[in-house]
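The briefing below goes with the sequence and coordinates shown here, and it begins with a feature of the surface before turning to a helix and then to the chain as a whole.

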Amino acid sequence: VAGSVEEILQPSTPWDPVTVRETLESHAELVARIESITALPDRSSAGMTEEYNGFFSGEELKICADFLMAKARLAAEAKDEADALRLTKATLNLASHLDQVEVPNFYIATVALLIDLSANESVIAGLLPALGRGADLAKWRDVLASRPDYTPDGLARIARSEWNHLMDQVM
């Protein structure tokens, strides 16, 4: 999926709704699958075998989030605030699927943070301006505040999890 898709969805690339729509349509099956995964309310690392190391590409996860936020921007430009909100929630839920498991590691927490920051930037710079003055700012505030705050306790939780991951590899 990387390559041209990655270039099209980069913040540094000028927004071209026609190209973005075509890209999303050409990857419709993948986008639908991403949406179905991000709609899942549960997340857990329970039941994973000891051999499973949990590694997957952060770049690919970021592209998944970018797909959803690009679709959200198209919805916002069409003045479909409900769908834009739904897709933004899905993007943030992707981040939660990463760092709200029992033992997240630093890598996964960093990818989740990147998704959070990217979604926030997309909402502020693209979605809200597209929706205009009629946007329901209270709903957007609630969506953006739905993710846990980044606190010292949260960092300590991730550090403990990272220690456990590393000790499994050392032992």
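In this predicted model, a nonpolar patch on the surface is formed by Leu113, Leu117 and Tyr150, which together have about 300 Å² of accessible area. Leucine 113 belongs to helix α6, which covers residues 106-131, and its relative accessible area of 33% makes leucine 113 partly exposed, because that class lies between the cut-offs of 20% and 50%.

**Helix α4**

- Helix α4 takes in residues 58-77, and for these 20 residues a rise of 1.5 Å a residue leads one to expect a span of 28 Å, which agrees with the 28 Å that separates the end C-alpha atoms.
- Because 15 of the 20 residues of α4 are buried, the helix is largely enclosed by the rest of the structure.
- At the N-terminal end of α4, serine 57 acts as the cap, with a side-chain oxygen placed 3.2 Å from the backbone nitrogen of glutamate 59.
- Just after α4, the backbone at lysine 79 adopts a positive phi of about 65°.

**The chain as a whole**

- The chain contains eight helices and zero strands, so that its pattern, read along the sequence, is α-α-α-α-α-α-α-α.
- For a compact globule of 171 residues one would expect a radius of gyration near 16 Å, and the 17 Å of the chain agrees with this.
- Taken along the principal axes, the box filled by the C-alpha atoms is roughly 55 × 35 × 30 Å.
- Across the 171 residues of the chain, 37% count as buried.

Key. Residues numbered from 1 in each chain as written. Predicted model: local features only at pLDDT ≥ 70, side-chain atom pairs only at ≥ 80, totals over all residues. Heavy atoms only, no water. Helix = DSSP H or I, 4+ residues; strand = E, 2+ residues; numbered from the N terminus. Expected span 1.5 Å × (residues − 1). Buried < 20%, exposed > 50% of the residue type's maximum accessible area, 1.4 Å probe, protein only. Polar contact = N/O pair within 3.5 Å; in protein donor to acceptor, adjacent residues only side chain to side chain. Patch = residues over 30% accessible without salt bridge, like charges linked within 9 Å, V, L, I, M, F, W, Y side chains within 5 Å. Areas by Shrake-Rupley, 256 points an atom, 1.4 Å probe, with all protein chains shown as cover. Salt bridge = Lys/Arg side-chain N within 4 Å of Asp/Glu carboxyl O. Rg over C-alpha atoms; globule rule 2.2 N^0.38 Å.
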